[in-house]
Amino acid sequence: MRELRIVYHGLGMAGKTTNLEKLKEIYTDKAYDRIHQQTNEGRTVYLDMLMLKFQTRVQGLYVTISLFSTPGQQRFKILRPWLFGNTSAVVFVFDSSRSIQENMESFHEMEGIVSKNKVVVQANKRDIPNAIPLEVIKETFNGIPVIPAVAKDGIGVVETLKEAIKIALTDEERVVRSS
Ligand SMILES: Nc1nc2c(ncn2[C@@H]2O[C@H](COP(=O)(O)OP(=O)(O)OP(=O)(O)O)[C@@H](O)[C@H]2O)c(=O)[nH]1
Ligand SMILES: [Mg+2]
């Protein structure tokens, strides 16, 4: 049994919890065990966890996938190195309604903890007027896969997870080969 840990990171209100909620709806039969602590305003306090079980095509092995989201609020910054430790892949949820600069500040919080080849970018909130153009986002993240999404409508959510699993498994295989 392989265990993959995928963390959703990004600005506060970018749509991390929305991704996890939609995945839970889509994979109702596969999803189990969810921990989610919220403040009164519906912000994520501590962490958010959703476990999904998949059978991958890699040697027909069962893979357990745990999904987490980081708390976006500044006062929980101290928890992030712990949350990022030991992750198989990170989904960086880019908020298309906020500036590149603000999003990059959040992205840089992973610097030195998560390597770039473990990251997939989800360009979320593509439905909003004046969303940052997709091309600009792609140029900014040069080389990192960018998946457009409207997480609140479940669009791009599965594609994002699939890309993260692909990245996570590639990483696992590298570990296996070198050990
Ligand atoms: N317009 C639009 N709104 C979205 C989209 N995805 C999420 N939202 C909204 O953005 C708000 C914040 O979403 P959350 O999923 O709670 O954000 P979060 O990243 O978990 O926020 P924190 O836990 O506070 O860090 C909610 O009102 C969502 O409905 C989207 O694709 N488009
Ligand atoms: Mg949240």
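**View 1. V121 of β6 stands opposite V146 in β7.** This is a predicted model. Strand β7 covers residues 146-148. β6 and β7 pair in the parallel sense. Their pairing runs over 3 bridges. How does the chain get from β6 to β7? The chain crosses through helix α4, residues 134-140. This β-α-β crossover is right-handed.

**View 2. β5 and β6 run parallel.** Here 6 bridges join the two strands. Look for V91: its bridge partner in β6 is V120. Between β5 and β6 the chain passes through α3. This β-α-β crossover, too, is right-handed.

**View 3. Strand β6 is mostly covered.** The strand spans residues 119-124. How many of its 6 residues are buried? The count is 6 of 6. Both faces of the strand are covered. On one side sit V119, V121 and A123. On the other side sit V120, Q122 and N124. V121 is the residue that stands opposite V146 in β7. V120 is the bridge partner of V91.

**View 4. Helix α3 has buried residues and exposed ones.** The helix runs over residues 100-108. Which of its residues are buried? They are N103, S106 and F107. Seen down the axis of α3, these buried residues fall within an arc of 105°, so they line one face of the helix. An α-helix has 3.6 residues a turn, so residues three or four places apart point the same way. Now look at the other side of α3. There Q101, E105 and H108 are exposed. What do the buried residues of α3 pack against? Their partners are β1 (2-10) and β5 (89-95).

**View 5. I6, L67 and A164 belong to the largest nonpolar core.** This core has 39 residues. I6, L67 and A164 touch the most other members. In soluble globular proteins, nonpolar side chains tend to be buried together. Focus on A164, and leave aside its neighbours within four places in sequence. Which residues is A164 then in contact with? They are I6, A89, V91 and V120. V91 and V120 are also bridge partners.

**View 6. M13 has a positive phi although it is not a glycine.** Its phi is about 70°. M13 is found in the loop between β1 and α1 (16-26). Why does M13 count as partly exposed? The residue has 18 C-beta neighbours inside 10 Å. Being buried takes 20 or more, and being exposed takes 12 or fewer, so M13 falls in between.

**View 7. N86 also has a positive phi without being a glycine.** The angle is about 65°. N86 is found in the loop between α2 (80-84) and β5. N86 has 8 C-beta neighbours inside 10 Å, so it counts as exposed.

**View 8. The whole protein puts the close-ups in place.** The secondary structure comes to 5 helices and 7 strands. In what order do the elements run from the N terminus on? The order is β-α-β-β-β-α-β-α-β-α-β-α. The protein has 179 residues, and 38% of them count as buried. Take the contacts between residues at least 6 apart in sequence. Of these, 71% join residues at least 24 apart.

Technical notes. Residues numbered from 1 in each chain as written. Chains lettered and ligands numbered in written order. Predicted model: local features only at pLDDT ≥ 70, side-chain atom pairs only at ≥ 80, totals over all residues. Helix = DSSP H or I, 4+ residues; strand = E, 2+ residues; numbered from the N terminus. Contact = placed C-beta atoms within 7 Å. Arc of directions from axis to C-beta. Core = buried A, V, L, I, M, F, W, Y, C linked by C-beta atoms within 7 Å. Pairing = 2+ DSSP bridges. Right-handed = clockwise from strand over helix to strand, strands pointing away.
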